[in-house]
Each structure stands twice: as structure tokens, then as C-alpha cells.
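Work through the exercises below with the sequence and model at hand. Try each task before reading its solution.

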Amino acid sequence: MSDTIDSLLAEVRAALRQADFDDPAQEARILVGGLLGLTPTGLMSRGGEAVAADKAALIRAGIARRLAREPLHRILGARDFYGLTLSLSPETLEPRPDTETLVEAMLPHVRATVARVGQCRILDLGTGTGAICLALLSEVSEAMGVGVDLSEDALATAAANARAHGLSDRFRTMRSDWFGTIDGRYHLIVSNPPYIRSDIIDGLDPEVRLFDPMLALDGGTDGLDAYRMIAAHAAAFLEDEGMVGLEIGFDQKDSVTQIFDAEGFERTAFLRDLGGNDRVLVFRRAMLASHTL
Ligand SMILES: C[S@@+](CC[C@H](N)C(=O)[O-])C[C@H]1O[C@@H](n2cnc3c(N)ncnc32)[C@H](O)[C@@H]1O
């Protein structure tokens, strides 16, 4: 007897329930719906339909991968971020909803820059899938961006994501160790750098520890290495009224603020994510701030 959508949904649910996953029903819908290209409504209305053998095999392989704790969206190969479906690859971080807070924080600055000078050049340090920069470009057609990463795989994925969303004429990738090979000046520098302390990485959930790339996670002994580097060099790459927008770990607001303060920046905003954790800091150069007040 051939598999149906309903029977495969039941099979996924049962396997995940047996392995004590938190929400087997929801995961089954995402996995089967994602692999068959069906919406939740499609899954419900077409539940009795037969599924081709190769698709059923794909779903069973998906069950095995999930039981090995691979995140659902890695199995599907893509994740939605700020209205864009972004492809993932082995060396890209899976973009998180919390990072949309950084997009929200920076959008007004993108728009204000365009209103002031007719364009907005954005430098995205550690671009991964391109999530932050591509989301900003998708919202403001006069903006353009450079996505920087050390990982060639991430850069290729970011470039493919830009093409998929018709943004490649305004987005370019560059391999660089942070500012190492960057030149020019930008109106906005944005970054969600690696910010997890090296010593706590071993205790993270397997979904993160085993599947997000270490280069995207490890922020050094105190988790702050990348912030120190960005703070030390950002001024040389910023236009006069440029801003820096950063994602931070939930307990890093004060330490990152101090790092930027010591390099002559003033914090102009901090935002919490949907879970209520401190998540985003925005800075501008302090001299400029006192000048314009
Ligand atoms: C936390 S991930 C953020 C990815 C993406 N911006 C996002 O928010 O989903 C950090 C990124 O920084 C990159 N990275 C780590 N060290 C780097 C370095 N020295 N120079 C450039 N990029 C680096 C990683 O490869 C990774 O893509």
C-alpha cells in the first residue's frame, strides 16, 4: 500500500513523540509540508492523497536527520527571515527571528539616510545567508550593501539569496576577516557577530552546537572579541553621520556599550527582542552626537 500525506504525518509524529520531542505534531506539519511544498491548508485538504515513493523516502530521511537533532529548517534547506525565504548551507547560521529586531532598528536609519543623501551604503559584517543586509535592501530600493564573511560557502549562499530575491544588482559579497580587505565608507555598519563565550558552547542544544557553524557562534573567551574589533575600526569605514547597529547576547548590553564608549561612540538606542531580552544596540560617533544635539 502506498504512503499518503496523512500516513506520513502520523509516522513523523510517532517517531518524534517516541523520542520525546516537544511538539511532534507541529514539527511533522513543517517537515512534511516543507518537503512536499504544501501549505498547512494543503496538508489538511489533501491528506488522503498518495505520495510518490521518492518523496516518501525523502520524508523518512528527514525523520532520521531530525532524530539526530538536525534543525527542521536545515533539513528543508531554507528559512524565512523578514519576509524573505533564505537558502541555508553548511557554513551559514540559520537566521533567527531575534535578528529581525536589528532589521527593525536599522530601517529608519536606512530611510533617513536615503532621504538625506539619496542613497544608503550598508556594510554587513559576518553576513551569513545575507539575512540582515538583504532584508534592509528588500525594504528600501535606494539602499545597496556589501556582505562580508570569512566563509566562502556563506558568501556563495548570500549571493544566491540576493539573486533569488532580485537584489543582486544592489548587493555584493566580499571575503574579508572583518574589515581586513574592506575599503570605502558606509552610511551604516550592521553586524550580528559570533558572541557566545567559548566555554559555554559545549553546553548548547545539539541543534545549535552540532549544526550551526562554529565560526558563527564562538565569540572568544568572554564572547566579546568581534565587538572589540568592530569598535576599534568602524570609524574609519563610516561616513560622517554613519551609525553602527549590532545584535548582542542577552547579557552583553553593558559590556558592549563600554567597548564602544571607549572607542568614541555613543549609544543612541537599545532594543529588546520578542522574548524581552536585550538584543540590539545602535551607536554613532560621540563627537558627532554632541555636535548635532
Ligand atoms: C552569528 S553569524 C550571523 C550571520 C547572519 N548575519 C545572521 O544574522 O543570520 C556570524 C557570521 O560572522 C562570520 N564571521 C565569523 N568570523 C568572521 C571574521 N573574522 N570575519 C568575517 N566574518 C566572520 C561567520 O561566518 C558568520 O556568518
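Two strands count as paired if DSSP finds at least two bridges between them. The model is predicted.

**Exercise 1. How do β3 and β6 pair, and over how many bridges?**

Step 1. Recall the options: strands of a sheet pair through backbone hydrogen bonds, either parallel or antiparallel.
Step 2. Here β3 and β6 are parallel, with 4 bridges between them.
Step 3. Pick out one position: Leu 123 has Ile 189 of β6 as its bridge partner.

**Exercise 2. Give the strand order of the open sheet, and find which strands stand at the edges.**

Step 1. The 7 strands run in the order β5-β4-β3-β6-β7-β9-β8, and the pairing is mixed.
Step 2. β5 (171–175) and β8 each have a single partner strand, so they are the edges, and one side of each lacks a neighbour in the sheet.
Step 3. From one strand to the next, the twist averages 20°.

**Exercise 3. Which strands do helices α6 and α7 touch or lie across?**

Step 1. Helix α6 (residues 100–117) packs on the sheet and touches β3, β4, β6, β7, β8 and β9. Its direction makes about 175° with that of β6.
Step 2. Helix α7 (residues 131–139) lies across β3, β4, β5 and β6. Its angle to β4 is about 175°.

**Exercise 4. Where around α11 do its buried residues sit, and what do they pack against?**

Step 1. List them: Ala 226, Tyr 227, Ile 230 and Ala 231 are the buried residues of α11 (residues 225–233).
Step 2. Their arc around the axis is only 130°, so they lie on the same side of α11.
Step 3. They pack against β3 (120–125), β6 (186–191), β7 (238–247), α12 (253–262) and β8 (265–272).

Terms used:
Residues are numbered from 1 along each chain as its sequence is written. This is a predicted model: local features need pLDDT of at least 70, side-chain atom pairs count only at pLDDT 80 or more; totals for chains, interfaces and linings use all residues. A residue is buried if 20 or more other C-beta atoms lie within 10 Å of its own, exposed if 12 or fewer, and partly exposed in between; C-beta atoms are placed from the backbone. Helices (H or I, at least four residues) and strands (E, at least two) are DSSP runs, numbered from the N terminus. The arc is that of the directions from the helix axis to the C-beta atoms. Two residues are in contact if their C-beta atoms, placed from the backbone, lie within 7 Å. Axes are lines fitted to C-alpha atoms, for helices over the stretch in contact, and angles run from 0 to 180 degrees between N-to-C directions.
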